[in-house]
Amino acid sequence: MLRRMSFGLRPRLVLALVATSALTLAVAAAALLSPLEQRLRDSELESLREAALTSQVTVSELPEGDLTAGSAGIRAAVRLIARRADGEAVLVDERGRLLAPADPDPDLLAAARLAARAGRTRSSVSGTGSVAEAHVARRLTVGDRRLGIALSRRLDTVQTAGAEVRRAMVTAALVGLAVALLTGIGLAGELVRRLRRLRDTALLVARLGPVVDLTPSSGSDEIADLSRAFAVMQERLREQEEARRTFVATASHELRTPLTSLRLTLDLLSEEIAAGDADAESVVAQVAHASAITARVGALAAQLLDLSRLDAGVPPRRELIELRETSRAVIAEFAVQAAETERRIELRASDPVWAVADPDGVAQIVRVLLDNALRFAPAQTAIVVELASAGQACTIAVSDRGPGVPDAEREQIFERFRRGTQTGGEGGFGLGLAIARELARRMDGDVVSIDAANGARFELRVAAAPQPPVH
């Protein structure tokens, strides 16, 4: 079985460029040569008509006695007319008798006789190529006599001019095709070389990972743009790979500590029960400790699941929501926890605040902010949730009287697994604020830490929406 022939990009580009040039030259030749020859023929025929017209003057200047067959005057006049016409001339009288020359062309003689009788000027072109001739016949009026004259001219000059133009076109076509071929080979070769470099680099990245350095091209064409796009993609892959490794390492560390503690607690409890010396209070305490560790691991697993969903790029919903009702519902979820820790949550919003955002995303962000505030706010203090709307944005601000956030850490605390230094070792896994900011930015909003005089203040900013009409 024959192997199917495959053409690469280079021969196809060269072939396309040469074919385009050849087609352009062919169309130009077709559009130029044929009309050019026709115009040259028409020009020769018009020149012959003018020669026939001027012959009237030449014959009229002859004396009456010279208008006879074979006279020296009529022969000289016909020779002059033929020379001016650059061809042959035949002159007859009104009866069709030959006046000059002595040995005329039969077809030309017949045309002159017809012109003398009919009185109409006739012009035509006969033959093709190098044997083509132009013919003109008309009546001449000299005094009261009617004569007929017929002129002919060979059109070999037209053929010669056409041949010269064709040779020039062929030469130009060959030069143009050669230039197109050389240019196409050069451009296609450079293009293919640059594409192959990109391919080799992409394969190297696929084999070794994003650690491979990709140097983008310095040009300004599309290949250079593609090279820079590959470099940006490679850099993003490198950042994602580093983030993934950091994430896996940190998540493993965060999971290892509580799981180790849980295993030790359960082993100790199992040993006490097996030895028969476990009392009820010790068992209850160790079970409670194990339950707390289990809840902590479950919270970490839930946050890791949230991060995986965010990294998957699932787009958030965009709906018209009322932030006051959303905040009130989330605050109600923390009512028991706030009461147990001797803290209270205050909602400050006199009017409804409307926004365009994901309801579940907004609720989750508010949960993160309230959970952090309840962790660090002192007992017997209030956590304030304030709603505001100004222009194109609206905010949900959560403030507490806790240790606050140092200026140097206002952006760092939004990184994954990053905890603030003012927490005293308390808090979660350092994922809540990272999830909150990522959710907000997916909704074209943001979560920021605001400088507060006493404690911490976090704001969720989303796009505002006009208040819907009341029906």
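**Exercise 1. The loop before α3**

Task: place Pro101 in this predicted model, then find which residue a cis peptide bond joins to Pro101.

Solution.
- Step 1. Pro101 sits in the loop that runs between β2 (98–100) and α3 (106–118).
- Step 2. Look at the bond between Ala100 and Pro101: omega is about 0 degrees.
- Step 3. The peptide bond joining Ala100 and Pro101 is therefore cis, given that omega.

**Exercise 2. Positive phi at Gln380**

Task: state where Gln380 is found, give its phi, and decide whether Gln380 is buried or exposed.

Solution.
- Step 1. Gln380 belongs to the loop between α9 (359–376) and β9 (382–390).
- Step 2. Its phi is near 65 degrees, which is positive, and the residue is not glycine.
- Step 3. The relative accessibility of Gln380 is 58%. The cut-off for exposed is over 50%. So Gln380 counts as exposed.

**Exercise 3. Positive phi at Asp444**

Task: run the analysis for Asp444, covering its loop, its phi and its exposure class.

Solution.
- Step 1. The loop between α10 (432–442) and β11 (446–450) holds Asp444.
- Step 2. Phi of Asp444 is near 60 degrees, a positive value in a non-glycine residue.
- Step 3. Relative accessibility is 60% for Asp444, so this residue counts as exposed.

**Exercise 4. Packing of α9 and α10**

Task: classify the relative direction of α9 and α10, give the hand of the crossing, and describe the contact by residue class.

Solution.
- Step 1. The two axes, of α9 and α10, come within 9 Å and cross at roughly 150 degrees.
- Step 2. Angles over 145 degrees count as roughly antiparallel. Therefore α9 is roughly antiparallel to α10.
- Step 3. The crossing of α9 past α10 is left-handed.
- Step 4. On the α9 side, the contact uses Gly361, Gln364, Ile365, Val368, Leu369 and Asn372. On the α10 side, Gly432, Leu433, Ile435, Ala436, Leu439 and Ala440 take part.
- Step 5. Sort the contact of α9 with α10 by class: 8 residues are nonpolar, 4 are polar and none is charged. Gly counts as polar here.

**Exercise 5. Ala178 and a partner far along the chain**

Task: locate Ala178, classify its exposure, and find how far its C-alpha atom is from that of Val18.

Solution.
- Step 1. Ala178 is part of helix α4 (residues 156–208).
- Step 2. Its relative accessible area is 37%. Partly exposed covers the range between the 20% and 50% cut-offs. Ala178 is therefore partly exposed.
- Step 3. Along the chain, Ala178 and Val18 are 160 residues apart. In space, their C-alpha atoms are separated by 8.5 Å.

How values were computed. Residues are numbered from 1 along each chain as its sequence is written. This is a predicted model: local features need pLDDT of at least 70, side-chain atom pairs count only at pLDDT 80 or more; totals for chains, interfaces and linings use all residues. Side-chain values use heavy atoms; hydrogens and water are left out. Helices (H or I, at least four residues) and strands (E, at least two) are DSSP runs, numbered from the N terminus. Buried means under 20% relative accessible area, exposed over 50%, partly exposed in between (1.4 Å probe, protein chains only). Axes are lines fitted to C-alpha atoms, for helices over the stretch in contact, and angles run from 0 to 180 degrees between N-to-C directions. Angles under 35 degrees count as roughly parallel, over 145 as roughly antiparallel, 65 to 115 as roughly perpendicular and the rest as oblique. A crossing is left-handed if the near helix is turned anticlockwise from the far one by less than a right angle, and right-handed if clockwise. Contact means heavy atoms within 4.5 Å.
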